[in-house]
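Here is a quick tour of some helix packing and charge pairing. Have the viewer open and follow along.

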Amino acid sequence: MVSYLYVAGLRPARLHDVAPIGPGGWVRLPPGEAGMRATRSVVAPGLAGVCASAAASAPELAALGAALAEAEESAGLPIGSIAVIPALETAAGVLAASELARAPRVARLLLCEAALRVELRMRPGPDETELQWLRSMAVLAGAAAGIGAPVADVCPDPGRFAASSRSLARLGFGGRICADDEQVKLADEIFSCA
């Protein structure tokens, strides 16, 4: 699956589940040990960064950083050139958000609400007020760590993309994962004005 990582002020980047095609792409790594093993196959010139799925602790991100350093060295890239975006997909990840935001290589946080809705048994209404505390925690953790504003995952209801994105921008988010070019265009209008 390919989607687009939109962050205000930056060129939209492709987010892949496998090695990126073209420069500036990002790769979504599987959680845990599988993600660390995958670094060898995805780190190559042109890779902007990796999204660490289900991140839950700073030691886990430190281990990922070590695996990235080995892969960067093997690929002839400067150590530290590949950025990391931890995905907050679990309750443990949200509670560790401030710790994750301060880990080396972390550029910003990604709040994955779909996975959290399932784990927390949430059923947000159309205005999404039930999600505000999760969103606020991601914004606060990123700001306290001095990293970029967080990004949100794909909107589960494409018909609510604009309204949901406006709410995120007002709260302090810097972008979101977009499913297609039309959403990238909308995200650019919404987040670049925030």
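## H7 against H8

In which hand of crossing does H7 pass H8? The crossing is right-handed. Bear in mind that we're looking at a predicted model here. The axes of H7 and helix H8 (residues 181-191) come within 10 Å, crossing at roughly 35 degrees.

On the H7 side, the contact involves Phe161, Ala162, Ser165, Arg166, Leu168 and Ala169, and H8 brings in Gln183, Leu186, Ala187, Ile190 and Phe191. Sort the residues of this H7 and H8 contact by class and you get 8 nonpolar, 2 polar and 1 charged.

## H6 against H7

H7 also packs with H6, so to speak: the axes of helix H6 (residues 132-145) and helix H7 (residues 161-171) come within 10 Å and cross at roughly 45 degrees. That angle is why H6 and H7 are described as oblique to each other. The hand of this crossing is right-handed.

From H6, the residues making the contact are Gln132, Arg135, Ser136 and Val139, and they meet Ser164, Ser167, Leu168 and Leu171 of H7. The class split for H6 with H7 is 3 nonpolar, 4 polar and 1 charged. Leu168 is worth clicking on, since it's listed in the H7 contact with H6 and again in the one with H8.

## H1 against H2

Now jump to the pair formed by helix H1 (residues 32-42) and helix H2 (residues 58-75), whose axes come within 9 Å and cross at roughly 20 degrees. An angle under 35 degrees counts as roughly parallel, so that's the label for H1 and H2. H1 passes H2 in a right-handed crossing.

Who does the touching? Met36, Thr39 and Arg40 in H1 meet Ala63, Leu64, Ala67, Leu68, Glu70 and Ala71 in H2. That contact comes out as 6 nonpolar, 1 polar and 2 charged residues.

## A salt bridge across H1 and H2

Arg40 and Glu70 turn up again as a salt bridge, with their closest N and O atoms 3.5 Å apart. This pair ties together distant parts of the chain, with Arg40 in helix H1 and Glu70 in helix H2, 30 residues apart.

How accessible are the two partners? Arg40 has a relative accessible area of 62%, so it's classed as exposed. Glu70 sits at 47%, which means partly exposed.

## The buried network

As background, side chains of opposite charge can pair when their charged atoms come close. The salt-bridge count here comes to 5. One of them joins Glu113 and Arg117, at 3.9 Å from N to O. Why are these two separated by about one helical turn? Because they're 4 residues apart in helix H5 (residues 113-120).

Another salt bridge links Glu128 and Arg135, with the closest N and O atoms 2.9 Å apart. Are Glu128 and Arg135 buried or exposed? Both are buried. Salt bridges with shared partners join Glu113, Arg117, Glu128 and Arg135 into one network. Glu113 and Arg117 are both buried too. Arg135 is also one of the H6 residues in the contact with H7.

Note on methods: Residues numbered from 1 in each chain as written. Predicted model: local features only at pLDDT ≥ 70, side-chain atom pairs only at ≥ 80, totals over all residues. Heavy atoms only, no water. Axes fitted to C-alpha atoms, helices over the stretch in contact; angles between N-to-C directions. Parallel < 35°, antiparallel > 145°, perpendicular 65-115°, else oblique. Left-handed = near helix turned anticlockwise from the far one by under 90°. Contact = heavy atoms within 4.5 Å. Nonpolar A, V, L, I, M, F, W, Y, C, P; charged D, E, K, R; others polar. Salt bridge = Lys/Arg side-chain N within 4 Å of Asp/Glu carboxyl O. Buried < 20%, exposed > 50% of the residue type's maximum accessible area, 1.4 Å probe, protein only.
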